[in-house]
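Me: I'm new to this one, so could you walk me through it step by step?

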Amino acid sequence: MMNEDTQEILQPQTPIKKHGPWYLLTGLILGFLLGVIYTWWINPVIYESTNPASLREDFKDTYRVTIAQVFAATGDLDRAARRLEILEDENPIYLLGAQAQRALAKGEEEQAHDLALLASELQAVTAGSLTQPTPLATDTMQLIPTQTLPALTPVP
Amino acid sequence: MTRRTRRFIFFSLAILAGLAAGIMFGWQVAPIQYKDTGPDTLRQDYKTDFVLMVSELYEHDADEAMAIARLTYISPTPPLETVQTAINYAEENNYSSVDLQLMDNLAEAIESRSLHYDQNSAGL
């Protein structure tokens with residue numbers, strides 16, 4: 001009931017904002033970022049059981065030269081090759097040669113010798129296995145009968 | 001429950017879900033890769049093989065000081081401890097008797113060297 005003194009106060013109708021689920025996405029992204037920050041910087045995975053392939057280059061060089069020195073001492077090429085394999089170098093012979101050059105430049109002649117020796121032995125083995133002809137397995141070959149044309153001229 | 005409270009709860013749940021996803025991503029899917037690791041992080045079998053290499057070299061040159069220097073490459077622990085750990089691993093994993101003997105020889109050499117130094121420092 002309104003009279004002259006009273007007026008209807010019209011409150012502006014605030015439209016109900018439909019925010020949708022954006023705040024959920026914001027929360028998810030925020031949480032994800034916090035998780036990544038925690039796992040990459042605060043508490044990262046600690047590698048305790050690495051393999052030699054993941055070693056820093058200078059440590060790899062030390063590992064490689066030790067392999068070469070052991071080979072020079074024992075002459076066990078098979079073992080040296082298997083040890084080099086675990087370094088997972090793309091071209092171990094080339095790397096041995098390059099390291100030998102570096103050692104020579106630094107005046108470490110004995111190391112250079114050992115590295116070059118291993119490189120050349122591996123090279124020889126690799127070259128040998130490439131040039132060696134593979135024997136034909138004639139013993140196990142099955143002879144397949146083929147139809148041949150009759151000889152036109154008699155064989156003398 | 002007011003709308004505001006409900007939104008707050010769902011927002012918190014979303015953060016928790018995102019956090020779980022982030023942790024899963026950071027530890028399992030794409031953990032930090034260490035490419036330039038040090039020798040002390042090597043797996044025990046590789047460490048043992050390195051100790052074996054040092055033993056083979058020691059057998060050849062009988063240079064204890066050099067052997068000890070080489071052993072410090074793979075572990076900051078005392079050299080004798082490094083060799084003993086390697087011997088234990090080798091025994092558990094059936095290394096050949098020749099390899100075990102080589103490592104034993106190195107361990108003995110390091111032990112006798114440290115005894116020698118202890119005696120010298122004690123003025124005996």
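Reply: Sure, one term to start with: helices (H or I, at least four residues) and strands (E, at least two) are DSSP runs, numbered from the N terminus. This is a predicted model, where local features need pLDDT of at least 70, side-chain atom pairs count only at pLDDT 80 or more, and totals for chains, interfaces and linings use all residues. Residues are numbered from 1 along each chain as its sequence is written, while chains are lettered from A and ligands numbered from 1 in the order in which they are written.

Me: In what order do the elements of chain B run from the N terminus on?
Reply: Chain B has 5 helices and 0 strands. From the N terminus on, its elements therefore read α-α-α-α-α.

Me: Which stretch of chain A has a pLDDT below 50?
Reply: pLDDT is the predictor's confidence in each residue, from 0 to 100. Chain A has a mean of 78, with 69% of its residues at 70 or more. The stretch below 50 has 0 contacts beyond near neighbours in sequence (contact: C-beta atoms, placed from the backbone, within 7 Å). That stretch is residues 134–156 of chain A.

Me: Which helix gives the most to the side of chain A that touches chain B?
Reply: Across the two chains, 35 residues of chain A are in contact with 35 residues of chain B. On the chain A side, helix H1 (22–42) and H2 each supply at least two residues. With 15 residues, the one that gives the most is H1(A).

Me: How far apart are the end C-alpha atoms of H1(A)?
Reply: The expected span of a helix is 1.5 Å times one less than its number of residues. H1(A) has 21 residues, so it should span 30 Å. The model agrees, as the end C-alpha atoms are apart by 29 Å.

Me: Around what arc do the buried residues of H1(A) lie?
Reply: A residue is buried if 20 or more other C-beta atoms lie within 10 Å of its own, exposed if 12 or fewer, and partly exposed in between, with C-beta atoms placed from the backbone. The buried ones in H1(A) are A:Gly27, A:Leu28, A:Gly31, A:Phe32, A:Gly35 and A:Thr39. They sit on the same side of H1(A), because their arc (taken from the directions from the helix axis to the C-beta atoms) is only 130°.

Me: What helps cover the buried residues of H1(B)?
Reply: In H1(B), the buried residues are B:Ala14, B:Ile15, B:Gly18, B:Leu19, B:Gly22 and B:Gly26. Over on chain A, the cover of the buried residues of H1(A) includes helix H1 (3–29) of chain B. In turn, what covers those of H1(B) includes H1 of chain A.

Me: Which helix gives the largest share of the largest nonpolar core?
Reply: A nonpolar core is a set of buried Ala, Val, Leu, Ile, Met, Phe, Trp, Tyr and Cys residues joined through C-beta atoms within 7 Å. The largest one has 40 residues, and A:Leu115, B:Val54, B:Val83, B:Met103 and B:Leu106 touch the most other members. Its largest share, 8 residues, comes from H2(B).

Me: Is A:Glu88 buried or exposed?
Reply: A:Glu88 lies in the loop between H3 and H4 of chain A. Although not a glycine, A:Glu88 has a positive phi of about 55°. There are 12 other C-beta atoms within 10 Å, so A:Glu88 is exposed.
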